[in-house]
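Work through the exercises below with the sequence and the model open. Try each task before reading its solution.

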Amino acid sequence: MKKIIAAFILVLTMAALTGCGEKTEEVKDVNFYDLRTAMLNATTKLPEMQTASSADDNASELLAYVSDIDYEKVSNFFVSYSKEGLADEIVVISVKDEADAKEAKESLQKHLDHRKNLFANYAVEEAARLENAVIKVSGRYVVLIIADEYTQIERAFDDMIKEN
Amino acid sequence: MKKTKCTVAVLAIVVIMLIAGIGTSIYFALMSYKQMQEVSQYITELQAEPKEEETRENDVKIAGSYEIKSTEAISDAYKSKDTSKLSDKERETLDMASDILKEIITDGMTDIEKETAVYDWMCANLGHDSNLLLVIPNGDGDADNPYGVLKYHNAVCVGYATTFRMFMQMMDIECMVVHNTECYHSWDLVNLDGNWYHTDIYADAGHGNYANFNVPDVMRMREQSWDMDFFPHATSFKYYKAMENLETADSISDIPALIAKYMGETYSNFFIKFNGTVDEEFARRAVAVVNMYSSAIEDLQLGDTRYYGAYGLWVSDPDNGGFIFLVSITGETDGTSYQEDLTDDERAAFQQKIDELMNSLAEKFGGSYSGGSYYYEDNAETYYYDGIEGDI
């Protein structure tokens with residue numbers, strides 16, 4: 001009888017340990033530098049772009065310009081945007097937990113609405129370009145693309161994520 | 001004995017189960033009540049009308065980043081010559097502003113002359129701050145307050161509006177900073193001889209063509225919306241620039257010659273006072289003629305002026321009485337064409353006038369006109385406008 005109880009406790013302990021182990025496992029992202037390079041090089045029609053990313057010292061402050069998601073939930077991100085204040089912009093955020101992807105997507109939608117308002121008031125000729133903006137979720141990754149050749153950039157994103 | 005013990009044990013189990021059952025029921029009943037209360041509170045909150053924030057002039061954030069702040073401490077110090085209550089930054093602002101006024105204002109100037117002098121100086125000397133449209137701005141720049149604007153000569157709309165207001169208040173001219181309903185743009189309302197006018201220097205900066213200088217509500221409403229219950233109404237046309245171009249005409253056939261006269265001029269809006277009776281049909285036919293020009297001149301860039309289209313607007317003249325007809329050849333039409341009010345022959349005759357005008361403009365400004373399209377010298381059909389729009 002004692003042996004049966006001991007075996008039962010052992011099984012329970014193992015199960016508990018396995019469960020905990022899964023929760024603490026680190027999420028593995030695609031290399032964000034490679035991802036950014038692939039997306040920016042997918043078209044020749046982007047203007048001169050400037051980039052901020054999770055590699056920067058003040059990364060959480062920089063992300064706040066495009067997303068109000070809690071930085072604790074973010075694994076990696078980059079924001080590439082036109083140096084001249086044109087509409088062109090690419091943002092990719094990867095979240096640690098896939099369940100937070102929806103929140104990240106909503107935050108990018110809010111950012112896009114803000115940009116639309118800005119351009120409608122201050123650069124009407126650019127405003128129409130924001131109508132073709134793409135926001136999509138792929139697993140733990142959320143992407144925003146505002147560019148003329150957005151389909152090519154989106155394909156580059158898909159290819160990189162698939163390879164990962 | 002054994003049977004009694006067993007009966008007691010069974011009874012005890014039943015009692016325990018009953019107590020546990022009653023306890024559980026009470027617990028769940030209490031929980032349900034608590035949850036019902038929470039749900040009820042949630043529904044009440046959902047149903048409650050969202051509290052509308054009261055409109056105010058200052059302490060308003062524009063485009064989520066730029067704050068409209070009062071500068072009355074600086075203008076009061078200018079008037080009282082007491083700078084003891086100013087911070088170092090405010091004192092520096094006052095010094096810069098005083099030097100500018102010394103340069104552009106002379107004794108005996110009227111309020112409209114003073115306002116024009118400030119408008120001209122700001123349009124000629126200040127540029128648009130490029131940070132406004134950047135996803136992540138470079139540094140802070142102080143582009144939304146007179147200190148940064150006068151020091152670095154770069155401004156966002158809030159910078160233009162608060163700097164202009166500060167100049168006006170320094171000269172004792174009543175002035176307010178207005179913001180639009182969406183809180184994405186701001187400009188000024190200035191009081192001249194007891195009447196208010198809209199002035200948006202941000203929109204005219206760089207060219208200073210007076211397109212947004214001393215504009216009444218009725219024109220401003222075509223481009224912006226704002227809280228008209230809070231801000232004073234601008235009903236007078238007295239200092240509206242288009243009134244300086246007040247023309248008289250006998251019939252709608254005179255309109256093409258007048259449009260031709262003003263196309264290509266720095267300021268190209270004008271009013272027409274028609275001789276004779278203006279009835280509803282006449283009013284529609286006049287609008288129809290102006291609308292015919294809209295598609296021909298849409299997005300046309302001639303010199304420093306960009307033409308967005310054309311529209312005609314009948315307004316009652318609050319200063320002189322009667323109706324006058326505003327012809328704007330820089331503003332967008334509202335889409336009501338009234339073309340059915342013109343006969344086929346009339347439309348053909350007006351189209352010929354339009355073609356003549358476009359050909360003469362092509363000759364004057366370079367380019368060519370054919371098949372209803374204007375081609376620039378580089379043969380581009382559509383003009384690509386690089387940079388921040390001027391018409392907001």
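The exercises go from the domains of one chain to its sheets and helices, and end with the contact between two chains.

The model is predicted: local features need pLDDT of at least 70, side-chain atom pairs count only at pLDDT 80 or more, and totals for chains, interfaces and linings use all residues. Residues are numbered from 1 along each chain as its sequence is written, while chains are lettered from A and ligands numbered from 1 in the order in which they are written.

**Exercise 1. Domains**

Task: State how chain B is divided, and describe the contact between its domains.

Solution. Start with the bounds, which come from an automatic or database domain assignment. Domain 1 of chain B covers 60–220 and domain 2 covers 241–375. Taken over C-alpha atoms, the centres of these two domains of chain B are 33 Å apart. Next, list the contact; two residues are in contact if their C-beta atoms, placed from the backbone, lie within 7 Å. Domain 1 of chain B gives seven residues to the contact, and domain 2 of chain B gives seven residues. Last, sort by class: Ala, Val, Leu, Ile, Met, Phe, Trp, Tyr, Cys and Pro count as nonpolar, Asp, Glu, Lys and Arg as charged, and the others, Gly among them, as polar. On the side of domain 1 of chain B that touches domain 2 of chain B there are four nonpolar, three polar and no charged residues.

**Exercise 2. The sheet of three strands**

Task: Give the strand order of the open sheet of three strands in chain B, and find its edges.

Solution. Helices (H or I, at least four residues) and strands (E, at least two) are DSSP runs, numbered from the N terminus. Two strands pair if DSSP finds at least two bridges between them. The order is β5-β6-β7 of chain B, and the pairing is antiparallel. At the edges are β5 (175–179) and β7 (195–199) of chain B, each pairing on one side only. Neighbouring strands of this sheet are turned by 30° against each other on average, direction ignored. Now take one pair: β5(B) and β6 (residues 186–192) of chain B run antiparallel over five bridges. Within that pairing, B:His179 has B:Ser186 of β6(B) as its bridge partner. Finally, helix α6 (residues 157–170) of chain B lies across β5, β6 and β7 of chain B, at about 20° to β6(B). Axes are lines fitted to C-alpha atoms, for helices over the stretch in contact, and angles run from 0 to 180 degrees between N-to-C directions.

**Exercise 3. The sheet of four strands**

Task: Describe the open sheet of four strands in chain B and the helices packed on it.

Solution. The order is β8-β9-β13-β12 of chain B, with mixed pairing. β8 (246–249) and β12 (311–316) of chain B each have a single partner strand, so one side of each is left without a neighbour in the sheet. From one strand to the next, the twist averages 30°. β12(B) pairs with β13 (residues 323–328) of chain B in the antiparallel sense over six bridges, and B:Ser316 has B:Phe323 of β13(B) as its bridge partner. Helix α9 (residues 255–262) of chain B packs on the sheet and touches β8, β9 (270–274) and β13 of chain B. The direction of α9(B) makes about 155° with that of β9(B). α10(B) also packs on the sheet, where it touches β12 and β13 of chain B, and its direction makes about 150° with that of β12(B).

**Exercise 4. A helix pair**

Task: Describe how α10(B) packs against α11(B), and name the residues in contact.

Solution. α10 (residues 280–297) and α11 (residues 344–365) of chain B pack at an angle of about 45°, with axes 10 Å apart. α10(B) is therefore oblique to α11(B); angles under 35 degrees count as roughly parallel, over 145 as roughly antiparallel, 65 to 115 as roughly perpendicular and the rest as oblique. B:Val289, B:Met292, B:Tyr293 and B:Ala296 of α10(B) meet B:Phe350, B:Gln351, B:Ile354 and B:Met358 of α11(B). By class, this contact has seven nonpolar, one polar and no charged residues.

**Exercise 5. Between the chains**

Task: Which element of chain A supplies the largest share of the side that touches chain B?

Solution. Chain A has 16 residues in contact with 15 residues of chain B. At least two residues each come from β2 (74–82), α4 (101–122) and α5 (124–127) of chain A. The largest share, five residues, comes from α4(A).
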